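Welcome, and thanks for opening this report. Please have a look at the sequence and the structure before reading on.

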Amino acid sequence: MRKLIVAATAALTITMLGGTSYAQDTLKIGYIDPLSGGGASIGEGGLKTFQYLADEINAKGGILGHKVEIVPLDNKVNPQESLVQAQKAIDAGIHYITQGNGSSVAAALEDFVTKHNTRNPGKEVLYFNYAAVDPALTNDKCSFWHFRWDAGSDIKMEALTNYMKGVPSIKKVYLINQDYSFGQSVRADARKMLAAKRPDVQIVGDELHPLLKITDFSPYIAKIKASGADSVVTGNWGQDIALLLKAAADAGLKVNWYTYYAGGAGGPTAIKQTGLDHQVFQITEGIPNGGYQPAMDFEKAFRAKVNMSLWYPRAVNEMRMFKAAAEKAKSIDPVKVAQALEGMKFEVLDGGEGFMRKDDHQFFQPIYISSFGTLKSNEPFDEEKTGWGWHPVAKIDTQQTIVPTTCKMKRP
Amino acid sequence: MLELIVISTLNGVLFGMLLFLLSSGLTVIFSMMGVLNFAHASFYMLGAFFGYQLTRWIGFWPALVIAPLLVGAIGMAVERYGLRNTHKHGHVAELLLTFGLAFAIEEIVSMIWGKSPMDYRVPQALDFSAFTIFSTNYPAYKMFMLAVSVLIFIALLIVLKRTRVGLIVQAALTHPSMVAHLGHNVGRVFMLVFGVGCALAGVAGVIAGPALVTQSDMAGLLGPILFVVIVFGGLGSLPGAFIASLVIGLVQTFAVALNGSLASLFGPLDPSFNATVLADIWNVTIAQIAPILPYVLLVLILIFRPMGLMGARET
């Protein structure tokens with residue numbers, strides 16, 4: 001009996017010791033995004049991407065010898081649920097969280113992290129944002145604890161209008177966007193920037209429709225057609241872009257589409273179905289067929305292992321830059337990492353240099369315009385098994401994407 | 001303007017017919033059995049996914065026949081082993097059963113097919129534009145959807161009102177023991193009715209799948225509006241559902257085409273609310289609120305005519 005107790009105690013001690021040493025070795029990143037419900041297809045894609053990136057870092061010895069682990073936390077794209085998950089992450093000793101889907105969620109998290117860090121000095125948490133693009137997050141709501149790797153929607157519009165400036169065939173533009181903070185900011189920025197850069201362009205329509213509630217866009221297409229537009233600008237994502245394009249093709253609407261998110265889940269399939277060959281443009285920080293060899297090698301390896309295309313080149317930049325910052329700071333302490341990230345210059349996945357602006361923690365990087373359609377011979381990557389892929393149309397250099405900020409950051 | 005009116009009317013009718021295609025099965029089940037089937041949209045989703053899978057294997061046309069049969073068979077199983085047992089506990093139990101079923105089906109579908117949209121395409125034979133009006137194309141596939149909806153409407157009306165089968169089914173609802181005494185198997189009648197209702201949802205799924213997005217959340221997207229259609233038309237009334245579908249389709253389409261807002265109604269007399277909270281309500285256009293109009297109609301009809309347009313009894 002005594003032997004048994006001794007053995008059990010010993011075993012228990014060993015497991016506990018093992019457990020503790022493991023926790024010290026692992027650098028956990030809380031991934032807070034939808035893993036169930038309507039946004040799950042997107043959230044799962046993001047999770048796979050981050051897990052792949054963590055594996056990549058771990059294969060090269062981790063970050064300062066710490067193994068990186070992604071902890072998935074399902075927020076159902078709900079701000080309230082996200083805060084519960086963030087608290088759960090903090091209770092589990094996590095100091096880094098990353099999130100992307102939904103600016104409403106991002107605003108809640110940014111606020112939560114800032115308050116938590118003020119109240120708990122020494123236990124700070126950093127929030128890495130890889131896809132929530134509401135400009136407010138780096139302007140009036142900006143926080144020292146928030147870093148954004150995706151271009152804000154104002155930056156994307158700046159880049160897009162800089163491209164449209166040089167396309168004389170654009171004469172009549174129709175704006176159609178989802179009726180919430182992001183869609184409204186796309187619409188306002190498009191109006192403001194087009195008026196400044198192309199005063200001759202006429203805005204013939206400006207539509208806001210409810211978010212993710214429309215099953216048939218034919219009425220909207222009829223309206224676009226009646227307006228005589230030659231180009232449509234939209235920030236729609238998810239099914240709102242897929243169904244919009246589908247209805248357009250059904251009605252035989254011949255316009256060019258300037259979109260933020262036509263490449264998201266289901267978008268390529270819809271474009272292929274509609275046969276809008278090289279008429280749908282997208283604005284991103286990287287494209288599979290960009291021609292830059294390291295990026296194309298990465299895409300190939302990524303697709304081979306994860307069986308999806310790389311939606312988030314910015315996630316690659318985020319994780320690699322995190323590692324670089326930790327190495328620069330020689331610490332994984334969040335405050336030191338944050339200070340190292342400020343103003344840091346970084347060679348992005350798709351080539352060219354980006355930098356993390358100190359004033360508002362917005363990352364600036366080269367932005368690409370690409371069109372979706374039949375592939376050229378040197379373009380190996382298609383999307384969603386359609387046989388069509390993204391073809392580079394224009395590159396907007398980092399300097400051309402810089403927009404002013406109103407952020408007045410409070411530093412610790 | 002004429003162009004917009006003609007095209008909006010066409011779009012409205014097309015969308016309305018799609019709604020009818022979806023709600024016909026729901027109405028049949030409700031009018032014959034008194035069961036409000038919350039899982040109806042899920043059966044529609046099953047139809048779309050079966051249709052997609054079978055189209056892959058054996059082509060669209062066989063899928064159009066087999067997929068609804070499969071969905072109908074599942075529906076019959078649900079009735080036989082689920083609803084029949086809960087029936088004696090009353091309608092609330094039935095409602096809860098179908099409610100739970102809706103979630104279960106959604107999870108099962110996303111487990112099998114994943115959460116991404118399927119590449120479910122319009123069959124080659126129907127992939128052309130049927131006609132062009134004001135330089136807007138109307139795809140043949142949409143005409144096909146329209147034709148199927150109308151056919152189903154007529155066929156259902158004839159079966160229910162003009163045949164012996166319809167008589168027995170209707171009698172089984174109000175006088176089940178009498179019908180049983182006359183030598184009919186009431187249980188089987190109910191099972192068949194539920195199966196047919198689900199099969200209709202399956203047909204809608206196979207047909208609507210390529211036109212909309214075939215995805216594991218498609219049930220949740222269309223579910224609510226189906227209830228608007230059948231409540232507005234009058235619970236259990238087939239012609240009511242037909243008219244309600246058309247009305248809702250047209251209202252929604254025309255609302256989108258309109259740009260007016262409360263502010264523009266007053267024109268130059270507009271008392272500017274720009275900086276206040278009221279600005280949001282004041283400046284919202286009819287187009288912006290188009291998709292919620294059906295729900296406004298639902299509330300209004302329940303207040304002023306609770307039995308719906310053509311319903312025989314109070315909802």
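The sections below walk through the cores, a helix, the interface and one histidine.

## Two nonpolar cores

A word before we start: this is a predicted model. Its largest nonpolar core holds 84 residues, and the members that touch the most others are Met33(B), Phe43(B), Tyr44(B), Tyr141(B), Phe144(B) and Ile207(B). The element that gives the most to this core is helix H8 of chain B, residues 186–211, with 14 residues.

Met33(B) is a good place to zoom in. Beyond its neighbours within four places in sequence, Met33(B) is in contact with Val28(B), Glu79(B), Leu173(B), Phe190(B), Val193(B) and Phe194(B). There is also a second, separate core of 69 residues, which includes Ala106(A), Ala340(A), Val348(A) and Phe363(A).

## Helix H8 of chain B

How far apart are the end C-alpha atoms of H8(B)? They are 38 Å apart, in agreement with the 38 Å that its 26 residues should span at 1.5 Å a residue. Buried residues make up 22 of the 26 in H8(B), so the helix is largely enclosed by the rest of the structure.

The start of H8(B) is worth a click too: there, a side-chain oxygen of Asn185(B) comes to within 3.3 Å of the backbone nitrogen of Gly187(B).

## Where chains A and B meet

Between them, chain A and chain B bury about 2800 Å², with 58% of it on carbon and sulfur atoms. On the chain A side, Thr215(A), Lys223(A) and Asp250(A) lose the most area to chain B, together 19% of what that side buries. The contact involves 33 residues from chain A and 32 residues from chain B.

Which kinds of polar pairing turn up here? The rule finds 0 salt bridges across the interface of chain A and chain B, while 6 residue pairs are in polar contact, both residues at pLDDT 80 or more. Several elements of chain A give two or more residues to the side that touches chain B, among them helix H2 (40–59), strand S7 (202–209) and helix H8 (239–251). H7(A) gives the most to that side, with 7 residues.

## A closer look at His209(A)

Is His209(A), in strand S7 of chain A, buried or exposed? Its relative accessibility is 0%, so His209(A) counts as buried. The side chain of His209(A) makes a polar contact of 3.0 Å with that of Asn236(A).

Leaving out residues up to four places away in sequence, His209(A) touches Ile176(A), Asn177(A), Gln178(A), Asp179(A), Ile214(A), Phe217(A), Tyr220(A), Asn236(A) and Asp240(A).

Terms used:
Residues are numbered from 1 along each chain as its sequence is written. Chains are lettered from A and ligands numbered from 1 in the order in which they are written. This is a predicted model: local features need pLDDT of at least 70, side-chain atom pairs count only at pLDDT 80 or more; totals for chains, interfaces and linings use all residues. Side-chain values use heavy atoms; hydrogens and water are left out. A nonpolar core is a set of buried Ala, Val, Leu, Ile, Met, Phe, Trp, Tyr and Cys residues joined through side-chain atoms within 4.5 Å. Buried means under 20% relative accessible area, exposed over 50%, partly exposed in between (1.4 Å probe, protein chains only). Helices (H or I, at least four residues) and strands (E, at least two) are DSSP runs, numbered from the N terminus. Contact means heavy atoms within 4.5 Å. The expected span of a helix is 1.5 Å times one less than its number of residues. A polar contact is a pair of N or O atoms within 3.5 Å; within protein, one must be able to donate a hydrogen and the other to accept it, and residues adjacent in sequence count only if both atoms are side-chain atoms. Buried area is the accessible area (1.4 Å probe) that two parts lose on being put together, summed over both. A salt bridge is a side-chain nitrogen of Lys or Arg within 4 Å of a carboxyl oxygen of Asp or Glu.
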